[in-house]
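Here are my notebook entries from an afternoon with this complex. Have the sequence and the coordinates open beside you as you read.

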Amino acid sequence: MAYPRAAVAVLLVVVALALQVTLLSRLPLPGATPDLVLLVVVGLALAEGPAVGLATGFGAGLAVDLVPPADHEVGRWAFVLTLLGYLAGLAQAETRRSAFVPIAVVAATALGSVLLYAGLGALMDDPNVTWPAVNRLLPTAVVYDVVLAAFALPAILAIARRVHGEPQR
Amino acid sequence: MLLALLLVTSVSLITIDYRGAGDDQSPLDRLRSLAAGVFGPVEQVAAAIASPVSDAVDGFSRLGDGEGEAERLRQRNQELTRRLRTSELDRNRAAELDALLHLAGAGRYRVVPAQVIAVGSAQTFSWTVTIDAGTRDGVRPDMTVLNGDGLVGRVKTAGRTTATVLLAVDPDSSVGARLEGSMEVGFTTGQGIETGLDLRLLDGQSSVAAGDRLVTFGSQGSTPYVPGVPLGVVRSVQGSPGSQTRTAVVEPYVDFSALDLVAVVVQPPRKDPRDAVLPPRPAGTPTPTVTVTVTPQSDGGG
């Protein structure tokens, strides 16, 4: 039972990552890049809870760290997405209460991902991490991710629930 | 429990990679090139799919709703429009290749052409792209990358079929620059894709002005930068003449937000091409007015 679920998670992450680096990051958008990988992690965490969230987050983060054209220290996105996957998973029970919960979680994790990643960079004296750069990314990251979530999150949740064998609402 | 374990793993990975970065042989580089070997082809396929996707969406969006002659004709029309657009794309690409070959010829650089297939997301704070040429094509780390307009960056890491390019606008990249027609030299440092480059001139007395044009000075042994590649145009100058160093804002020739066809210089020219590679000055119009009009003034973020 766990095997197809893991395979589906891996497939979702690979597809999201491929789309992210070849399509989304090339869109002529000012500021941040819509983060489809983050949405996959958040989606699976919301559907299946903190344990799946942090495992998916770690795997997806490591993939983001390694796949070209990544050029930063390996482990930075792994750290960020592990933590955010876990935290998003904690909100699993709340998702049934209101449709706004997933949107709020996406907004919060988008904000958190930029801040955490920049924070890790600041700890390592990354010359690229500056306040103006962070400031420019923050609002756009939240807006793009929430907009993208409106399309992508229902699909991710549906896939996760179907694989889970749970009857759809 | 698992959370703590994975977080600690991440942190130790970061530490290993961070420590190893100094003596440019991180144990994780192996892992990285493995990932490049596995995911590079995936990116190539995805990039090949992604570019005609929008066209296909256009073409298929109206399929299947109704029958009849009108519908058939409309589809035929769409098909022809799509083909026309594709040939336009081809023509665009041919023009890019023309410009590239012209530039490479003018500088006598021997180049390997490549296509940008993936771009790093802005959230990583670094400006890197993946190209579809690797060690198989003779691409090695620390080679100059250019396109028909000028300097793009340098090869950071090279896998078998793909390579990662650090763009000149990345804050990590610092390029030796020379003012056109003089021996005034300085360094440009990347300021991100929206700001361009910062120029720092070594001689505080130098008379640099808006509209001056820059080429690469060329590094020791032409690694990582070959000499004579057009860099950009000085947009504005800070500091008065006589101060310790003079800095200027440079607008790069290359449009880094729309990179497509690039070339890796696999063999530097035998002789410094000096200013021969710079585009001809537009006749009649004074250059400063041309460059100033492009400046977006209301960019508060800086």
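**Entry 1: a glycine in chain A**

Which residues does A:Gly57 touch, not counting residues up to four places away in sequence? I looked them up, bearing in mind that this is a predicted model. I found A:Val41, A:Leu81, A:Thr82, A:Leu84, A:Gly85 and A:Tyr86. A:Gly57 itself sits in helix H3 of chain A, residues 50–66. Is A:Gly57 buried or exposed? I counted 36 other C-beta atoms within 10 Å, and 20 are enough for a residue to count as buried, so A:Gly57 is buried. I also took one distance: the C-alpha atoms of A:Gly57 and A:Gly75 are 11 Å apart, with their positions 18 residues apart along the chain.

**Entry 2: the helix on the other side of those contacts**

Next I turned to helix H4 of chain A, residues 76–90. From its first C-alpha to its last I get 22 Å for 15 residues, close to the 21 Å expected at 1.5 Å a residue. H4(A) is mostly covered, with 14 of its 15 residues buried.

**Entry 3: A:Val41 and the core**

I then asked what A:Val41 is in contact with, leaving aside its neighbours within four places in sequence. My list reads A:Gly53, A:Thr56, A:Gly57, A:Ala60, A:Leu81, A:Leu84 and A:Gly85. A:Val41 is also one of the residues that touch the most other members of the largest nonpolar core, which has 128 residues. The others in that group are A:Val37, A:Leu39, A:Val40, B:Val152 and B:Val264. Helix H2 of chain A, residues 36–48, gives this core its largest share, 11 residues. A general reminder for my margin: in soluble globular proteins, nonpolar side chains tend to be buried together.

**Entry 4: chain B in outline**

I moved to chain B and counted 4 helices and 12 strands. Of its 302 residues, 39% count as buried. Among the contacts in chain B with a separation of 6 or more, 61% link residues 24 or more positions apart.

**Entry 5: one barrel**

Which strands of chain B close into a barrel with E1? I traced 6 strands in the order E1-E2-E5-E4-E3-E12, with antiparallel pairing. The twist averages 45 degrees from one strand to the next. E1 of chain B (residues 110–119) and E2 of chain B (residues 128–131) are joined by 3 bridges. Here I noted that B:Ala118 has B:Thr130 in E2(B) as its bridge partner.

**Entry 6: another barrel**

I traced a closed barrel of 6 strands, E6-E7-E8-E11-E10-E9 of chain B, again paired antiparallel. Its twist averages 40 degrees from one strand to the next. Then I followed some of its pairs:

- E6 of chain B (residues 174–179) meets E9(B) through 3 bridges, and B:Leu179 pairs with B:Leu214 in E9(B).
- E9 of chain B (residues 213–216) and E10 of chain B (residues 230–238) share 3 bridges, with B:Arg213 opposite B:Val233.
- E10(B) and E11 of chain B (residues 246–252) share 6 bridges, and B:Gln238 has B:Thr247 as its partner in E11(B).

**Entry 7: the helix H3 of chain B**

How many residues of H3(B) are buried? I count 3 among its 39 residues, so I wrote "hardly covered" next to the helix. The buried ones are B:Leu103, B:Ala104 and B:Gly107. What covers them includes E1, E3 and E12 of chain B. H3 of chain B (residues 69–107) lies across E1, E3 and E12, at about 25 degrees to E12(B). I checked its length too: the 39 residues should span 57 Å at 1.5 Å a residue, and the end C-alpha atoms are 57 Å apart, which agrees. Just after this helix, B:Arg108 takes a positive phi of about 55 degrees.

**Entry 8: how far to trust it**

Lastly I looked up the confidence values. The predictor gives the complex an ipTM of 0.83 and a pTM of 0.78. For chain B the mean pLDDT is 78, and 83% of residues reach 70 or more. Among its elements, E5 of chain B (residues 163–167) has the highest mean at 91, and H4 of chain B (residues 287–292) the lowest at 47. Over residues 285–294 of chain B the pLDDT stays under 50, and the model has 13 contacts beyond four places in sequence for them.

Methods
Residues are numbered from 1 along each chain as its sequence is written. Chains are lettered from A and ligands numbered from 1 in the order in which they are written. This is a predicted model: local features need pLDDT of at least 70, side-chain atom pairs count only at pLDDT 80 or more; totals for chains, interfaces and linings use all residues. pLDDT is the predictor's confidence in each residue, from 0 to 100. Helices (H or I, at least four residues) and strands (E, at least two) are DSSP runs, numbered from the N terminus. Two residues are in contact if their C-beta atoms, placed from the backbone, lie within 7 Å. Two strands pair if DSSP finds at least two bridges between them. Axes are lines fitted to C-alpha atoms, for helices over the stretch in contact, and angles run from 0 to 180 degrees between N-to-C directions. The expected span of a helix is 1.5 Å times one less than its number of residues. A residue is buried if 20 or more other C-beta atoms lie within 10 Å of its own, exposed if 12 or fewer, and partly exposed in between; C-beta atoms are placed from the backbone. A nonpolar core is a set of buried Ala, Val, Leu, Ile, Met, Phe, Trp, Tyr and Cys residues joined through C-beta atoms within 7 Å.
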